[in-house]
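Take a moment with the sequence and the model before reading on. The walk-through below goes one step at a time.

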2 protein chains.
Amino acid sequence: MDQDMSYEEYVEQVRKGILTSSGNCPVTPLLVMLQGKWKFQIIYELCVKGQIRFGELKKSLAGITNTMLTSSLRELERDGLVSRVQFNEIPPHVEYLLTKRGEALLPVFYAMTKWGFEYIP
Amino acid sequence: MDQDMSYEEYVEQVRKGILTSSGNCPVTPLLVMLQGKWKFQIIYELCVKGQIRFGELKKSLAGITNTMLTSSLRELERDGLVSRVQFNEIPPHVEYLLTKRGEALLPVFYAMTKWGFEYIP
DNA sequence: CAGAATCCTCTGCGATACTG
DNA sequence: CAGTATCGCAGAGGATTCTG
């Protein structure tokens, strides 16, 4: 399997059932990483804002609690999508940003957005 | 906003914060539609198999229960991603397939797959 | 400011049994 | 065959309080 395969090649592979959802399909791990109510929005927000403080991030995610934001960020960090930069100041100062791996999700958002513009009223 | 915008235009819009995750971003509704443990796999399976019977679909989704498959399919149908074709026979015969709207998700899968091949060991 | 610690609620999901 | 009808539970997620 080639990571440079074209869309047409991809579709062909899918139709042939070479890529299965359960087996060697690389989509599943990503879906697992993005599971949870807030993960996607957090990543999206980091795409928009670049580097951002915990408090600011919380403000842009209407409704999220400290607990959920913290645990989501920890998991995203563990999965290598987000990195945490800690400034040793008082009061504390922490910033979050996407890793290369996380930023590479932008084409996924792009595909979703194009779908949305076409199929959502 | 233009549905024909290029990836570069899209990234620019994102950076400018024109598309927000909470507001006019068309990604959120899609994410909602795809929420749940099995939705994505179901759609993927329908991509692979084309048109498929309930029982066959269940077999290809290892571990899913009748209840979950039914309720997931109902919701996907309600959201216009899947259509149900009922043959009036005894014993019952029902087939499921993607709508145009559902098939249009393939580019999203493609983007995810490309990400996976590059960033998953 | 950026969280950790608790407690609590709700629901997504599974297991099982039944039916037209 | 293609589902419904119940029941039960783990765990995701919310609310609140506390702290270095």
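What follows covers a sheet, then a helix that lies across it, then one residue of another chain.

This is a predicted model. Start with the sheet in chain A. Three strands form it, in the order β1-β3-β2. The sheet is open, and its pairing is antiparallel. The edge strands are β1 (52-53) and β2 of chain A, and each pairs on one side only. Helix α3(A) packs on this sheet and touches β1, β2 and β3 of chain A. The direction of α3(A) makes about 95 degrees with that of β3(A). Two bridges join β1(A) to β3(A) in the antiparallel sense. Here A:Arg53 stands opposite A:Glu95 in β3(A).

Now turn to α5(A). This helix lies across β2 and β3 of chain A, at about 115 degrees to β2(A). Helix α5 of chain A spans residues 66-78, 13 residues in total. From first C-alpha to last it reaches 18 Å, close to the 18 Å expected at 1.5 Å a residue.

Which residues of α5(A) are buried? They are A:Leu69, A:Ser72, A:Leu73 and A:Leu76. These cover an arc of only 100 degrees around the axis, so they sit on the same side of α5(A). Their cover includes α2 (27-33), α3 (39-49), α4 (54-60), β2 (82-87) and β3 (93-98) of chain A. The face turned away from the buried side of α5(A) carries the exposed residues A:Thr67 and A:Arg78. After α5(A) comes A:Gly80, with a positive phi near 75 degrees.

Last, look at chain B. B:Gln41 is in helix α3 (residues 39-49) of chain B. Leaving aside neighbours within four places in sequence, B:Gln41 is in contact with A:Ser21 and B:Leu61.

Notes
Residues numbered from 1 in each chain as written. Chains lettered and ligands numbered in written order. Predicted model: local features only at pLDDT ≥ 70, side-chain atom pairs only at ≥ 80, totals over all residues. Heavy atoms only, no water. Helix = DSSP H or I, 4+ residues; strand = E, 2+ residues; numbered from the N terminus. Expected span 1.5 Å × (residues − 1). Buried < 20%, exposed > 50% of the residue type's maximum accessible area, 1.4 Å probe, protein only. Arc of directions from axis to C-beta. Contact = heavy atoms within 4.5 Å. Pairing = 2+ DSSP bridges. Axes fitted to C-alpha atoms, helices over the stretch in contact; angles between N-to-C directions.
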